[in-house]
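User: I would like to understand how the labels given to parts of a structure are justified. Could we go through some of them together?

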Amino acid sequence: MEYLLHLAILFSIYAILGLSLNLIVGYTGLLSVTHAAFYGIGAYATALLLIKTDIGFLMSGLIGIILAAIIAFLIGMVLSKFDGDYYALGSMGFCIIAFSVFLNWQDLTRGPLGLPGIPKPEIFGIEFSTSALFVILAAVILIAIYFACRCIANSSFGRVLKTIREDEQAIQVFGYSTLYFKLTVFVISAMMAAVAGSLFAAYITYIDPSTFTILESVFVLAIVILGGLANLRGSLLGALLLIMLPEILRFVGFPGEIAGQMRELTYGAMLIALMLWRPQGLIGEYKL
Amino acid sequence: MDIIPQIIANSIIAGSVYTLIAVSFNLIYGATKFFNITHGVMTAIGAYAVFFFGKQMGLSVWVAVLIGVLIAGMIGWLLDRFIYRPLREKKASQLALLVASLGAFTVLQALIAIIFTSRFQTLTHGVGVQKTFEIAGGIITQTQVLIVIAALVVTAGLMFFLKCTRFGKAVRAVSDDNEVSKIIGINTDRIIGIIFFIGSAIAGLAGILVGFDTAIEPTMGLVLLLKGVIAAIVGGIGSIYGGAIGALLLGFVENFGIIKIASEWKDAIAFGLLILFLIFRPRGIVRT
(Lines give C-alpha, C1' and ligand atoms only; values in the text may rest on other atoms or scores of the structure.)
Protein backbone atom coordinates (compact mmCIF):
# COMPACT_ATOMS: atom_id res chain seq x y z
CA MET A 1 0.00 0.00 0.00
CA GLU A 2 2.80 2.33 1.01
CA TYR A 3 4.39 1.52 -2.35
CA LEU A 4 1.24 2.37 -4.31
CA LEU A 5 0.93 5.66 -2.42
CA HIS A 6 4.55 6.42 -3.30
CA LEU A 7 3.78 5.82 -6.98
CA ALA A 8 0.66 7.98 -6.72
CA ILE A 9 2.69 10.87 -5.29
CA LEU A 10 5.35 10.53 -7.99
CA PHE A 11 2.57 10.42 -10.58
CA SER A 12 1.10 13.66 -9.24
CA ILE A 13 4.46 15.43 -9.35
CA TYR A 14 5.24 14.32 -12.90
CA ALA A 15 1.70 14.97 -14.06
CA ILE A 16 2.09 18.58 -12.89
CA LEU A 17 5.36 18.82 -14.81
CA GLY A 18 3.78 17.23 -17.87
CA LEU A 19 0.68 19.45 -17.83
CA SER A 20 2.72 22.62 -17.49
CA LEU A 21 5.18 21.64 -20.21
CA ASN A 22 2.29 20.76 -22.50
CA LEU A 23 1.26 24.44 -22.38
CA ILE A 24 4.57 25.35 -24.02
CA VAL A 25 5.29 22.36 -26.26
CA GLY A 26 1.79 21.23 -27.14
CA TYR A 27 -0.28 24.40 -27.22
CA THR A 28 2.33 26.95 -28.27
CA GLY A 29 4.47 24.57 -30.34
CA LEU A 30 7.75 25.64 -28.74
CA LEU A 31 10.15 22.85 -27.88
CA SER A 32 11.43 23.66 -24.41
CA VAL A 33 13.86 21.36 -22.61
CA THR A 34 14.44 23.62 -19.64
CA HIS A 35 11.66 22.35 -17.41
CA ALA A 36 14.07 20.59 -15.05
CA ALA A 37 15.63 23.98 -14.26
CA PHE A 38 12.40 25.45 -12.88
CA TYR A 39 11.55 22.18 -11.18
CA GLY A 40 14.95 22.48 -9.48
CA ILE A 41 14.53 26.15 -8.61
CA GLY A 42 11.24 25.38 -6.90
CA ALA A 43 12.74 22.41 -5.08
CA TYR A 44 15.87 24.23 -3.91
CA ALA A 45 14.04 27.38 -2.84
CA THR A 46 11.52 25.38 -0.82
CA ALA A 47 14.16 23.11 0.69
CA LEU A 48 16.45 25.96 1.74
CA LEU A 49 13.64 28.03 3.24
CA LEU A 50 12.21 25.04 5.11
CA ILE A 51 15.61 24.12 6.54
CA LYS A 52 16.89 27.58 7.39
CA THR A 53 13.76 29.49 8.37
CA ASP A 54 10.46 28.66 10.02
CA ILE A 55 8.10 30.41 7.61
CA GLY A 56 6.35 27.13 6.77
CA PHE A 57 5.69 25.13 3.62
CA LEU A 58 3.13 27.42 1.99
CA MET A 59 5.27 30.54 2.25
CA SER A 60 8.47 28.82 1.11
CA GLY A 61 6.64 27.17 -1.77
CA LEU A 62 5.23 30.56 -2.73
CA ILE A 63 8.66 32.20 -2.63
CA GLY A 64 9.99 29.36 -4.80
CA ILE A 65 7.22 29.99 -7.32
CA ILE A 66 7.89 33.73 -7.39
CA LEU A 67 11.61 33.12 -7.81
CA ALA A 68 10.94 30.73 -10.70
CA ALA A 69 8.64 33.33 -12.25
CA ILE A 70 11.29 36.07 -12.06
CA ILE A 71 13.98 33.86 -13.58
CA ALA A 72 11.58 32.55 -16.23
CA PHE A 73 10.72 36.14 -17.10
CA LEU A 74 14.38 37.05 -17.66
CA ILE A 75 15.15 33.89 -19.66
CA GLY A 76 11.87 34.12 -21.53
CA MET A 77 12.69 37.66 -22.66
CA VAL A 78 15.52 36.18 -24.72
CA LEU A 79 13.93 32.85 -25.65
CA SER A 80 10.61 34.28 -26.80
CA LYS A 81 12.23 36.03 -29.74
CA PHE A 82 12.85 32.64 -31.29
CA ASP A 83 11.01 29.53 -32.33
CA GLY A 84 11.83 26.09 -33.69
CA ASP A 85 15.30 24.70 -33.15
CA TYR A 86 16.82 27.95 -31.87
CA TYR A 87 14.26 27.94 -29.08
CA ALA A 88 15.09 24.33 -28.26
CA LEU A 89 18.80 25.03 -28.20
CA GLY A 90 18.47 28.16 -26.06
CA SER A 91 16.33 26.30 -23.54
CA MET A 92 18.83 23.47 -23.47
CA GLY A 93 21.64 25.91 -22.70
CA PHE A 94 19.68 27.44 -19.87
CA CYS A 95 19.00 24.02 -18.37
CA ILE A 96 22.72 23.31 -18.31
CA ILE A 97 23.45 26.68 -16.69
CA ALA A 98 20.83 26.09 -13.99
CA PHE A 99 22.35 22.69 -13.30
CA SER A 100 25.82 24.18 -12.96
CA VAL A 101 24.44 26.76 -10.51
CA PHE A 102 22.90 23.99 -8.36
CA LEU A 103 26.19 22.12 -8.54
CA ASN A 104 28.69 24.94 -8.10
CA TRP A 105 27.06 27.47 -5.78
CA GLN A 106 28.27 25.38 -2.90
CA ASP A 107 27.75 27.98 -0.15
CA LEU A 108 24.04 27.86 -0.79
CA THR A 109 23.24 24.45 -2.29
CA ARG A 110 26.07 22.33 -0.78
CA GLY A 111 26.82 21.23 -4.36
CA PRO A 112 26.87 17.50 -5.06
CA LEU A 113 26.30 16.68 -1.37
CA GLY A 114 22.73 17.88 -1.69
CA LEU A 115 20.37 19.10 1.00
CA PRO A 116 19.26 16.42 3.47
CA GLY A 117 16.66 16.65 6.23
CA ILE A 118 14.03 18.79 4.57
CA PRO A 119 11.07 18.90 6.97
CA LYS A 120 7.71 17.49 5.88
CA PRO A 121 5.18 20.15 5.00
CA GLU A 122 2.80 21.54 7.59
CA ILE A 123 -0.22 23.54 6.47
CA PHE A 124 -2.77 25.06 8.89
CA GLY A 125 -1.49 22.87 11.68
CA ILE A 126 -1.83 19.59 9.73
CA GLU A 127 1.48 17.85 9.29
CA PHE A 128 1.67 15.85 6.06
CA SER A 129 4.14 13.37 7.44
CA THR A 130 2.65 10.08 6.17
CA SER A 131 2.33 9.07 2.54
CA ALA A 132 -1.44 8.77 2.90
CA LEU A 133 -1.73 12.42 3.94
CA PHE A 134 0.85 13.57 1.43
CA VAL A 135 -0.96 11.93 -1.46
CA ILE A 136 -4.03 14.02 -0.62
CA LEU A 137 -1.97 17.21 -0.69
CA ALA A 138 -0.33 16.21 -4.00
CA ALA A 139 -3.67 15.22 -5.55
CA VAL A 140 -5.35 18.48 -4.51
CA ILE A 141 -2.53 20.49 -6.06
CA LEU A 142 -2.57 18.33 -9.21
CA ILE A 143 -6.32 18.88 -9.63
CA ALA A 144 -5.89 22.62 -9.13
CA ILE A 145 -3.11 22.72 -11.72
CA TYR A 146 -5.14 20.61 -14.14
CA PHE A 147 -8.07 23.01 -14.00
CA ALA A 148 -5.77 26.01 -14.23
CA CYS A 149 -4.23 24.52 -17.40
CA ARG A 150 -7.68 23.76 -18.79
CA CYS A 151 -8.78 27.34 -18.15
CA ILE A 152 -5.70 28.62 -19.94
CA ALA A 153 -6.10 26.21 -22.85
CA ASN A 154 -9.77 27.04 -23.40
CA SER A 155 -9.47 30.79 -22.92
CA SER A 156 -8.93 33.32 -25.65
CA PHE A 157 -5.33 33.42 -24.44
CA GLY A 158 -5.05 29.69 -25.20
CA ARG A 159 -6.49 30.20 -28.67
CA VAL A 160 -3.83 32.80 -29.39
CA LEU A 161 -1.19 30.31 -28.26
CA LYS A 162 -2.51 27.70 -30.68
CA THR A 163 -2.46 30.23 -33.48
CA ILE A 164 1.16 31.08 -32.69
CA ARG A 165 1.86 27.39 -33.06
CA GLU A 166 0.12 27.15 -36.43
CA ASP A 167 1.27 30.42 -37.97
CA GLU A 168 3.11 33.00 -35.94
CA GLN A 169 3.34 35.56 -38.72
CA ALA A 170 -0.34 35.43 -39.51
CA ILE A 171 -1.36 36.38 -35.99
CA GLN A 172 1.28 39.10 -35.87
CA VAL A 173 -0.46 40.64 -38.86
CA PHE A 174 -3.62 40.84 -36.76
CA GLY A 175 -1.74 42.95 -34.27
CA TYR A 176 -0.97 40.40 -31.56
CA SER A 177 2.38 40.79 -29.87
CA THR A 178 3.42 37.13 -30.01
CA LEU A 179 6.51 37.78 -27.91
CA TYR A 180 4.27 38.82 -25.02
CA PHE A 181 2.15 35.68 -25.31
CA LYS A 182 5.13 33.34 -25.56
CA LEU A 183 6.72 35.01 -22.55
CA THR A 184 3.54 34.80 -20.48
CA VAL A 185 2.97 31.11 -21.11
CA PHE A 186 6.63 30.41 -20.39
CA VAL A 187 6.41 32.15 -17.01
CA ILE A 188 3.14 30.42 -16.08
CA SER A 189 4.56 27.05 -17.00
CA ALA A 190 7.75 27.69 -15.02
CA MET A 191 5.69 28.61 -11.94
CA MET A 192 3.80 25.31 -12.19
CA ALA A 193 7.08 23.41 -12.53
CA ALA A 194 8.26 25.13 -9.35
CA VAL A 195 5.14 23.87 -7.57
CA ALA A 196 6.11 20.33 -8.58
CA GLY A 197 9.63 21.04 -7.29
CA SER A 198 8.31 22.17 -3.88
CA LEU A 199 6.24 19.01 -3.57
CA PHE A 200 9.18 16.85 -4.58
CA ALA A 201 11.57 18.45 -2.07
CA ALA A 202 9.10 18.16 0.79
CA TYR A 203 8.18 14.58 -0.08
CA ILE A 204 11.62 13.06 -0.67
CA THR A 205 13.18 15.26 2.11
CA TYR A 206 16.53 15.16 0.30
CA ILE A 207 17.54 16.86 -2.95
CA ASP A 208 20.76 17.02 -4.92
CA PRO A 209 21.63 18.46 -8.35
CA SER A 210 21.55 15.10 -10.15
CA THR A 211 17.73 15.16 -10.12
CA PHE A 212 17.60 18.34 -12.16
CA THR A 213 19.70 17.52 -15.21
CA ILE A 214 18.63 17.90 -18.79
CA LEU A 215 17.68 14.20 -18.82
CA GLU A 216 14.87 15.06 -16.42
CA SER A 217 13.64 17.59 -18.96
CA VAL A 218 13.79 14.94 -21.65
CA PHE A 219 11.79 12.65 -19.39
CA VAL A 220 9.05 15.25 -18.94
CA LEU A 221 9.12 15.90 -22.68
CA ALA A 222 8.64 12.17 -23.23
CA ILE A 223 5.60 12.29 -20.92
CA VAL A 224 4.09 15.13 -22.92
CA ILE A 225 4.78 13.63 -26.33
CA LEU A 226 3.76 10.08 -25.40
CA GLY A 227 0.47 11.20 -23.89
CA GLY A 228 -0.30 13.61 -26.64
CA LEU A 229 0.55 17.17 -27.56
CA ALA A 230 -2.08 19.82 -26.85
CA ASN A 231 -4.19 17.38 -24.86
CA LEU A 232 -4.15 17.78 -21.09
CA ARG A 233 -5.62 14.34 -20.41
CA GLY A 234 -2.80 13.04 -22.58
CA SER A 235 -0.23 14.45 -20.17
CA LEU A 236 -1.92 12.65 -17.28
CA LEU A 237 -1.88 9.44 -19.31
CA GLY A 238 1.77 9.95 -20.29
CA ALA A 239 2.80 10.54 -16.68
CA LEU A 240 0.91 7.44 -15.56
CA LEU A 241 2.52 5.21 -18.20
CA LEU A 242 6.03 6.52 -17.71
CA ILE A 243 5.83 6.28 -13.91
CA MET A 244 4.66 2.68 -14.23
CA LEU A 245 7.34 1.80 -16.76
CA PRO A 246 10.40 1.71 -14.43
CA GLU A 247 8.34 -0.26 -11.92
CA ILE A 248 7.74 -2.89 -14.59
CA LEU A 249 11.45 -2.84 -15.39
CA ARG A 250 12.10 -3.29 -11.68
CA PHE A 251 10.20 -6.59 -11.76
CA VAL A 252 12.34 -7.70 -14.70
CA GLY A 253 15.17 -7.42 -12.21
CA PHE A 254 18.06 -5.29 -13.43
CA PRO A 255 20.81 -4.43 -10.96
CA GLY A 256 20.69 -0.94 -9.42
CA GLU A 257 22.85 1.15 -11.67
CA ILE A 258 21.68 -0.48 -14.88
CA ALA A 259 18.03 -0.02 -13.91
CA GLY A 260 18.43 3.76 -14.04
CA GLN A 261 20.13 3.56 -17.43
CA MET A 262 17.46 1.17 -18.70
CA ARG A 263 14.84 3.74 -17.80
CA GLU A 264 16.63 6.37 -19.87
CA LEU A 265 17.21 3.94 -22.70
CA THR A 266 13.54 3.02 -22.78
CA TYR A 267 12.16 6.52 -22.93
CA GLY A 268 14.81 7.57 -25.42
CA ALA A 269 13.81 4.69 -27.70
CA MET A 270 10.19 5.58 -27.12
CA LEU A 271 10.77 9.14 -28.35
CA ILE A 272 12.33 7.82 -31.56
CA ALA A 273 9.51 5.34 -32.11
CA LEU A 274 6.86 7.99 -31.49
CA MET A 275 8.47 10.40 -33.95
CA LEU A 276 8.66 7.66 -36.57
CA TRP A 277 5.19 6.15 -36.23
CA ARG A 278 2.96 8.32 -34.09
CA PRO A 279 4.27 11.89 -33.80
CA GLN A 280 1.07 13.14 -32.18
CA GLY A 281 1.33 10.73 -29.25
CA LEU A 282 -1.43 8.48 -27.94
CA ILE A 283 -4.28 10.97 -27.79
CA GLY A 284 -2.65 14.15 -29.06
CA GLU A 285 -4.23 16.84 -31.17
CA TYR A 286 -1.09 18.25 -32.72
CA LYS A 287 2.12 16.77 -34.04
CA LEU A 288 5.54 18.33 -34.02
CA MET B 1 55.34 34.03 -14.43
CA ASP B 2 53.19 35.78 -16.94
CA ILE B 3 49.95 33.96 -17.39
CA ILE B 4 48.79 35.45 -20.69
CA PRO B 5 50.72 33.11 -23.08
CA GLN B 6 49.30 30.09 -21.28
CA ILE B 7 45.78 31.46 -21.54
CA ILE B 8 46.26 32.10 -25.24
CA ALA B 9 47.51 28.53 -25.67
CA ASN B 10 44.53 27.16 -23.72
CA SER B 11 42.14 29.26 -25.80
CA ILE B 12 43.55 27.90 -29.04
CA ILE B 13 43.37 24.31 -27.76
CA ALA B 14 39.77 24.69 -26.55
CA GLY B 15 38.95 26.50 -29.79
CA SER B 16 40.37 23.60 -31.78
CA VAL B 17 38.21 21.04 -29.98
CA TYR B 18 35.14 23.19 -30.58
CA THR B 19 36.20 23.65 -34.20
CA LEU B 20 36.10 19.91 -34.84
CA ILE B 21 32.59 19.66 -33.42
CA ALA B 22 31.29 22.91 -34.89
CA VAL B 23 32.43 22.25 -38.48
CA SER B 24 31.11 18.69 -38.49
CA PHE B 25 27.84 19.86 -36.92
CA ASN B 26 27.59 22.55 -39.57
CA LEU B 27 28.31 20.05 -42.33
CA ILE B 28 25.35 17.93 -41.22
CA TYR B 29 23.13 20.91 -40.45
CA GLY B 30 23.84 22.40 -43.85
CA ALA B 31 22.57 19.32 -45.65
CA THR B 32 19.69 18.32 -43.38
CA LYS B 33 18.62 21.60 -41.70
CA PHE B 34 17.93 20.07 -38.31
CA PHE B 35 19.69 20.23 -34.96
CA ASN B 36 21.28 16.84 -34.66
CA ILE B 37 21.61 16.38 -30.88
CA THR B 38 23.03 12.88 -31.38
CA HIS B 39 26.13 14.52 -32.78
CA GLY B 40 27.27 15.07 -29.17
CA VAL B 41 27.22 11.41 -28.22
CA MET B 42 29.41 10.55 -31.23
CA THR B 43 32.32 12.04 -29.25
CA ALA B 44 31.70 9.54 -26.45
CA ILE B 45 31.29 6.69 -28.93
CA GLY B 46 34.66 7.42 -30.53
CA ALA B 47 36.36 7.78 -27.17
CA TYR B 48 34.88 4.59 -25.71
CA ALA B 49 35.75 2.63 -28.85
CA VAL B 50 39.37 3.66 -28.34
CA PHE B 51 39.07 2.79 -24.65
CA PHE B 52 37.80 -0.67 -25.57
CA PHE B 53 40.12 -1.52 -28.45
CA GLY B 54 43.19 0.35 -27.24
CA LYS B 55 43.17 -0.11 -23.52
CA GLN B 56 41.11 -3.24 -22.91
CA MET B 57 41.98 -5.24 -26.04
CA GLY B 58 45.51 -3.90 -26.20
CA LEU B 59 45.61 -2.85 -29.85
CA SER B 60 48.11 -0.15 -30.75
CA VAL B 61 46.95 3.42 -30.27
CA TRP B 62 46.78 4.34 -33.94
CA VAL B 63 44.77 1.27 -34.92
CA ALA B 64 42.38 1.90 -32.01
CA VAL B 65 41.95 5.55 -33.02
CA LEU B 66 41.23 4.52 -36.60
CA ILE B 67 38.65 1.97 -35.47
CA GLY B 68 37.11 4.53 -33.10
CA VAL B 69 36.71 7.11 -35.85
CA LEU B 70 35.21 4.54 -38.23
CA ILE B 71 32.77 3.25 -35.61
CA ALA B 72 31.56 6.77 -34.85
CA GLY B 73 31.10 7.35 -38.57
CA MET B 74 29.27 4.07 -39.06
CA ILE B 75 26.87 4.74 -36.21
CA GLY B 76 26.20 8.19 -37.64
CA TRP B 77 25.41 6.61 -41.00
CA LEU B 78 23.15 3.97 -39.41
CA LEU B 79 21.22 6.60 -37.46
CA ASP B 80 20.58 8.48 -40.67
CA ARG B 81 19.62 5.35 -42.56
CA PHE B 82 17.16 4.01 -40.00
CA ILE B 83 15.85 7.08 -38.19
CA TYR B 84 16.41 10.37 -39.97
CA ARG B 85 15.93 9.22 -43.55
CA PRO B 86 12.53 7.57 -42.88
CA LEU B 87 11.54 10.77 -41.04
CA ARG B 88 12.59 12.90 -44.01
CA GLU B 89 10.57 10.66 -46.31
CA LYS B 90 7.52 11.23 -44.12
CA LYS B 91 8.12 14.99 -44.42
CA ALA B 92 8.53 15.26 -40.65
CA SER B 93 9.21 18.74 -39.31
CA GLN B 94 12.60 19.88 -38.02
CA LEU B 95 11.28 19.63 -34.49
CA ALA B 96 10.26 16.01 -34.96
CA LEU B 97 13.77 15.25 -36.20
CA LEU B 98 15.20 17.12 -33.24
CA VAL B 99 13.10 15.11 -30.77
CA ALA B 100 14.08 11.86 -32.48
CA SER B 101 17.75 12.81 -32.24
CA LEU B 102 17.26 13.71 -28.59
CA GLY B 103 15.83 10.21 -28.12
CA ALA B 104 18.74 8.60 -29.96
CA PHE B 105 21.14 10.66 -27.86
CA THR B 106 19.57 9.37 -24.64
CA VAL B 107 19.60 5.77 -25.87
CA LEU B 108 23.24 5.80 -26.98
CA GLN B 109 24.43 7.54 -23.83
CA ALA B 110 22.57 5.05 -21.64
CA LEU B 111 23.99 2.15 -23.67
CA ILE B 112 27.54 3.39 -23.16
CA ALA B 113 26.90 3.75 -19.43
CA ILE B 114 25.47 0.22 -19.25
CA ILE B 115 28.42 -1.30 -21.10
CA PHE B 116 31.27 0.70 -19.60
CA THR B 117 29.69 2.03 -16.32
CA SER B 118 29.38 5.76 -15.78
CA ARG B 119 32.72 6.19 -14.02
CA PHE B 120 35.47 8.45 -15.31
CA GLN B 121 38.04 6.55 -17.37
CA THR B 122 41.35 7.56 -18.88
CA LEU B 123 42.63 6.57 -22.31
CA THR B 124 46.32 6.88 -21.43
CA HIS B 125 48.01 4.47 -19.07
CA GLY B 126 49.94 6.75 -16.76
CA VAL B 127 49.51 10.31 -15.55
CA GLY B 128 52.01 12.99 -16.52
CA VAL B 129 53.96 10.88 -18.99
CA GLN B 130 53.03 13.10 -21.91
CA LYS B 131 55.72 15.05 -23.65
CA THR B 132 55.23 18.80 -23.28
CA PHE B 133 56.32 21.68 -25.45
CA GLU B 134 56.91 25.28 -24.47
CA ILE B 135 55.96 27.93 -26.97
CA ALA B 136 56.49 31.59 -26.03
CA GLY B 137 55.93 30.89 -22.34
CA GLY B 138 52.86 28.67 -22.76
CA ILE B 139 53.10 24.96 -22.05
CA ILE B 140 51.14 22.51 -24.17
CA THR B 141 51.17 18.72 -24.27
CA GLN B 142 51.68 16.43 -27.22
CA THR B 143 47.97 15.57 -27.35
CA GLN B 144 47.09 19.23 -27.41
CA VAL B 145 49.42 19.80 -30.34
CA LEU B 146 47.62 16.98 -32.12
CA ILE B 147 44.26 18.59 -31.31
CA VAL B 148 45.33 21.85 -32.95
CA ILE B 149 46.74 20.04 -35.99
CA ALA B 150 43.60 17.91 -36.33
CA ALA B 151 41.38 20.98 -36.25
CA LEU B 152 43.46 22.71 -38.93
CA VAL B 153 43.62 19.65 -41.16
CA VAL B 154 39.92 18.85 -40.83
CA THR B 155 38.76 22.40 -41.49
CA ALA B 156 41.10 22.94 -44.42
CA GLY B 157 40.34 19.45 -45.74
CA LEU B 158 36.59 19.95 -45.60
CA MET B 159 36.78 23.33 -47.27
CA PHE B 160 38.95 21.95 -50.07
CA PHE B 161 36.76 18.89 -50.42
CA LEU B 162 33.56 20.92 -50.68
CA LYS B 163 35.02 23.39 -53.13
CA CYS B 164 37.12 21.28 -55.45
CA THR B 165 35.63 17.81 -55.79
CA ARG B 166 32.62 16.55 -57.67
CA PHE B 167 31.23 15.06 -54.49
CA GLY B 168 31.72 18.39 -52.70
CA LYS B 169 29.71 20.07 -55.42
CA ALA B 170 26.90 17.59 -54.87
CA VAL B 171 27.02 18.27 -51.11
CA ARG B 172 26.72 21.99 -51.74
CA ALA B 173 23.84 21.41 -54.10
CA VAL B 174 21.99 19.30 -51.51
CA SER B 175 22.66 21.94 -48.84
CA ASP B 176 21.35 24.62 -51.14
CA ASP B 177 18.16 22.93 -52.25
CA ASN B 178 17.35 19.30 -51.58
CA GLU B 179 14.38 19.11 -53.97
CA VAL B 180 16.10 20.65 -56.98
CA SER B 181 19.16 18.46 -56.43
CA LYS B 182 16.90 15.44 -56.61
CA ILE B 183 15.34 16.69 -59.84
CA ILE B 184 18.70 17.08 -61.56
CA GLY B 185 19.59 13.52 -60.64
CA ILE B 186 21.65 13.74 -57.46
CA ASN B 187 21.07 10.82 -55.13
CA THR B 188 20.42 13.07 -52.14
CA ASP B 189 19.85 10.25 -49.64
CA ARG B 190 23.21 8.74 -50.48
CA ILE B 191 24.94 12.11 -50.21
CA ILE B 192 23.32 12.83 -46.84
CA GLY B 193 24.30 9.35 -45.64
CA ILE B 194 27.93 10.02 -46.51
CA ILE B 195 27.75 13.43 -44.86
CA PHE B 196 26.50 11.76 -41.69
CA PHE B 197 29.40 9.33 -41.87
CA ILE B 198 32.02 12.06 -42.31
CA GLY B 199 30.49 14.41 -39.75
CA SER B 200 30.10 11.72 -37.11
CA ALA B 201 33.62 10.44 -37.74
CA ILE B 202 34.98 13.97 -37.12
CA ALA B 203 32.98 14.22 -33.90
CA GLY B 204 34.34 10.81 -32.88
CA LEU B 205 37.86 12.08 -33.51
CA ALA B 206 37.16 15.12 -31.32
CA GLY B 207 35.95 12.85 -28.52
CA ILE B 208 39.04 10.66 -28.81
CA LEU B 209 41.37 13.65 -28.65
CA VAL B 210 39.52 15.07 -25.63
CA GLY B 211 39.75 11.62 -24.07
CA PHE B 212 43.53 11.54 -24.46
CA ASP B 213 43.78 15.11 -23.21
CA THR B 214 41.63 14.74 -20.08
CA ALA B 215 39.29 11.82 -19.34
CA ILE B 216 36.15 10.18 -20.71
CA GLU B 217 32.70 9.57 -19.26
CA PRO B 218 29.41 8.63 -20.96
CA THR B 219 27.93 12.11 -20.48
CA MET B 220 30.91 13.94 -22.03
CA GLY B 221 28.97 14.50 -25.25
CA LEU B 222 26.37 16.97 -24.10
CA VAL B 223 28.65 19.80 -23.02
CA LEU B 224 30.90 19.26 -26.05
CA LEU B 225 27.84 19.37 -28.30
CA LEU B 226 26.55 22.51 -26.65
CA LYS B 227 29.90 24.25 -27.10
CA GLY B 228 30.12 23.07 -30.69
CA VAL B 229 26.62 24.30 -31.45
CA ILE B 230 27.23 27.63 -29.74
CA ALA B 231 30.38 27.99 -31.86
CA ALA B 232 28.40 27.01 -34.96
CA ILE B 233 25.69 29.61 -34.29
CA VAL B 234 28.12 32.34 -33.29
CA GLY B 235 30.17 31.69 -36.42
CA GLY B 236 27.27 31.19 -38.80
CA ILE B 237 25.13 28.08 -38.87
CA GLY B 238 25.71 25.72 -41.77
CA SER B 239 29.05 27.26 -42.77
CA ILE B 240 32.32 25.33 -42.34
CA TYR B 241 34.45 28.43 -42.24
CA GLY B 242 32.01 30.17 -39.88
CA GLY B 243 32.06 27.20 -37.52
CA ALA B 244 35.83 27.39 -37.20
CA ILE B 245 35.81 31.16 -36.57
CA GLY B 246 33.03 30.84 -33.97
CA ALA B 247 34.89 28.01 -32.24
CA LEU B 248 38.07 30.04 -31.90
CA LEU B 249 36.14 33.04 -30.60
CA LEU B 250 34.37 30.83 -28.06
CA GLY B 251 37.69 29.32 -26.94
CA PHE B 252 39.16 32.77 -26.34
CA VAL B 253 36.10 34.22 -24.61
CA GLU B 254 35.83 31.25 -22.26
CA ASN B 255 39.46 31.14 -21.27
CA PHE B 256 39.88 34.88 -20.88
CA GLY B 257 36.57 34.97 -19.02
CA ILE B 258 37.81 32.67 -16.28
CA ILE B 259 40.68 35.01 -15.38
CA LYS B 260 38.14 36.94 -13.34
CA ILE B 261 35.49 34.28 -12.67
CA ALA B 262 35.92 30.79 -11.19
CA SER B 263 36.39 28.13 -13.87
CA GLU B 264 33.17 26.25 -12.94
CA TRP B 265 31.32 29.00 -14.76
CA LYS B 266 32.86 28.30 -18.17
CA ASP B 267 29.58 26.87 -19.45
CA ALA B 268 27.71 29.93 -18.24
CA ILE B 269 30.17 32.21 -20.04
CA ALA B 270 29.71 30.23 -23.26
CA PHE B 271 25.96 30.47 -22.97
CA GLY B 272 26.24 34.21 -22.27
CA LEU B 273 28.16 34.63 -25.53
CA LEU B 274 25.43 32.72 -27.35
CA ILE B 275 22.72 34.96 -25.90
CA LEU B 276 24.62 38.11 -26.93
CA PHE B 277 24.87 36.80 -30.45
CA LEU B 278 21.27 35.63 -30.57
CA ILE B 279 20.13 39.11 -29.57
CA PHE B 280 22.48 41.24 -31.67
CA ARG B 281 23.59 39.06 -34.55
CA PRO B 282 21.42 35.93 -34.74
CA ARG B 283 22.82 34.84 -38.09
CA GLY B 284 26.38 34.68 -36.83
CA ILE B 285 29.65 36.30 -37.81
CA VAL B 286 29.63 35.01 -41.38
CA ARG B 287 25.90 35.72 -41.83
CA THR B 288 24.72 32.56 -43.50
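**Reasoning from values to labels**

Analyst: Let us begin inside chain B of this predicted model, where 11 residues of domain 1 of chain B are in contact with 11 residues of domain 2 of chain B. Domain 1 covers 23-119 + 141-218, and domain 2 covers 227-288.

User: How do you know what kind of atoms give the area buried between domain 1 of chain B and domain 2 of chain B?

Analyst: The buried area between these two domains is about 830 Å², and carbon and sulfur atoms give 82% of it. The rule finds 0 salt bridges across this interface, while the count of residue pairs in polar contact is 3. On the side of domain 1 of chain B that touches domain 2, the elements giving two or more residues are helix 1 (4-32) and helix 5 (142-164) of chain B, and helix 1 gives the most, with 6 residues.

User: Why is the largest nonpolar core said to lie between the two domains of chain B?

Analyst: This core has 208 residues, of which I207(A), L288(A) and F35(B) touch the most other members. Domain 1 and domain 2 of chain B both give residues to the core, and therefore it lies between them. As for I207(A), when its neighbours within four places in sequence are left aside, its contacts include A43(A), Y44(A), F200(A) and F212(A).

User: What makes K227(B) and E254(B) a salt bridge?

Analyst: The rule asks for a side-chain nitrogen of Lys or Arg within 4 Å of a carboxyl oxygen of Asp or Glu. The side chains of K227(B) and E254(B) meet at 2.9 Å, N to O, so the pair satisfies that cut-off. K227(B) lies in helix 9 (residues 220-235) of chain B and E254(B) in helix 10 (residues 240-257) of chain B, so the pair ties together parts 27 residues apart in sequence. Both K227(B) and E254(B) are buried.

User: Why is E89(B) called exposed, and why is R85(B) called partly exposed?

Analyst: Exposed means over 50% relative accessible area, buried means under 20%, and partly exposed is in between. E89(B) has 54% relative accessibility, so it counts as exposed, whereas R85(B) has a relative accessible area of 22% and so is partly exposed. These two residues form a salt bridge, with their closest N and O atoms 3.7 Å apart. Both lie in helix 3 (residues 61-89) of chain B, 4 residues apart, which is about one turn of the helix. They also belong to a network of salt bridges that links D80(B), R85(B), R88(B), E89(B) and D189(B).

User: How do you know how much area is buried between chain A and chain B, and which residues of chain A supply the most of its share?

Analyst: The size of an interface is often given as the accessible area lost when the parts come together. Between chain A and chain B this area is about 3,600 Å², and carbon and sulfur atoms give 80% of it. D85(A), Y86(A) and L89(A) supply 18% of the area that chain A buries against chain B, more than any other three residues. In terms of contacts, 41 residues of chain A meet 44 residues of chain B.

User: How many salt bridges and polar contacts does the rule find across the interface of chain A and chain B?

Analyst: Across this interface the rule finds 0 salt bridges and 1 residue pair in polar contact.

Conventions:
Residues numbered from 1 in each chain as written. Chains lettered and ligands numbered in written order. Predicted model: local features only at pLDDT ≥ 70, side-chain atom pairs only at ≥ 80, totals over all residues. Heavy atoms only, no water. Core = buried A, V, L, I, M, F, W, Y, C linked by side-chain atoms within 4.5 Å. Buried < 20%, exposed > 50% of the residue type's maximum accessible area, 1.4 Å probe, protein only. Domains from an automatic or database assignment. Contact = heavy atoms within 4.5 Å. Buried area = accessible area lost by both parts, 1.4 Å probe. Polar contact = N/O pair within 3.5 Å; in protein donor to acceptor, adjacent residues only side chain to side chain.
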